[in-house]
Amino acid sequence: MGYTATIMLEINPKELPGDWVEGFALDYHTLSAVYIGESASGHPQFDTTYSQVGKCLHQLKYGSNKSVVSELAETAQDFINSKDWVIDLIVPVPPSKQRKYQPVILLAEKLGDLLTVDVCLDCIEKVKETPELKNIHDLNERLAMLDEAFEVFESKVKGKTILLFDGLYRSGATLHKIADCLSESGQVENIYALTMTKTRRNR
């Protein structure tokens, strides 16, 4: 049975294994994708059914629909409160590409307001360019690509309990690599991990 937030976005939390106290995605990003043929340019097309959270996230990321930020953030807040996580700082995963606006940062900042928890946008810096990981399906290869890709500023996170936050969880390579950096270089006290959605397959 799904867990329903107070604002009626249905979620079905999926546990994310990793080097953190607890980690979850609020739901799968898509529920199904049926192949419907090729586009005029020869690309495969799918009739995609999204989860409620996935649909809102897709609208925010690709439809520039910022009106869904509050719904998504309130759903995440409700879930966090249900878990009784005590968090000192929210650390969003650095965006992988430049956009007009960054969905993960918008969500993290709104979530921070709702939880009255500080959001640190400069605790982690990406210091090495990497290819788009969604095009690389081997987890070990993804992790290798991310070696020395991030720098953590210890003075901002040392001794704190961190919520490591992202929009979509694929293989988890980025989330795991940043968690390792926070623990080893940042000397954080504890880490919780939360993503809004995850892919149905780890790729």
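I began with the aromatic pairs in this predicted model, and the ring-centre criterion gave me a count of 4. I then took up Phe79 and Trp85, whose ring centres lie 6.1 Å apart with planes at 85°, so I entered the pair as edge-to-face, the angle being over 60 degrees. Both Phe79 and Trp85 are buried. Following the ring pairs further, I found that they link Phe24, Phe79, Trp85 and Tyr192 into a cluster.

I also looked for charges over rings and noted Lys66, which lies over the face of Tyr101 at 4.5 Å from the ring centre.

Next I turned to the nonpolar cores. The largest has 29 residues, and Trp85 appears again among those with the most contacts inside it, together with Leu72, Leu163, Phe165, Leu194 and Met196. I listed the elements that give two or more residues to this core: strands E4 (22-28), E11 (161-169) and E12 (190-198), and helices H1 (52-62), H2 (69-83) and H3 (103-115). Apart from this core I recorded another, of 23 residues, including Leu16, Val93, Val157 and Cys181.

For Phe165 I checked the contacts, leaving aside neighbours within four places in sequence, and found among them Ile90, Val91, Pro92, Val93, Leu107, Leu111, Leu194 and Met196.

Last, I looked up the totals for the protein chain. Its secondary structure comes to 6 helices and 12 strands, and 43% of its 203 residues count as buried. Among contacts between residues at least 6 apart in sequence, 70% join residues at least 24 apart. The chain exposes about 10,800 Å², of which carbon and sulfur atoms supply 45%.

Note on methods. Residues are numbered from 1 along each chain as its sequence is written. This is a predicted model: local features need pLDDT of at least 70, side-chain atom pairs count only at pLDDT 80 or more; totals for chains, interfaces and linings use all residues. Side-chain values use heavy atoms; hydrogens and water are left out. Rings of Phe, Tyr and Trp (its six-membered ring) pair if their centres lie within 6.5 Å; planes under 30 degrees apart count as stacked, over 60 as edge-to-face and the rest as tilted. Buried means under 20% relative accessible area, exposed over 50%, partly exposed in between (1.4 Å probe, protein chains only). A charge sits over a ring if NZ of Lys or CZ of Arg is within 6 Å of the ring centre and within 35 degrees of the ring normal. A nonpolar core is a set of buried Ala, Val, Leu, Ile, Met, Phe, Trp, Tyr and Cys residues joined through side-chain atoms within 4.5 Å. Helices (H or I, at least four residues) and strands (E, at least two) are DSSP runs, numbered from the N terminus. Contact means heavy atoms within 4.5 Å. Accessible areas come from the Shrake-Rupley method with a 1.4 Å probe; for residues, only the protein chains shown count as cover.
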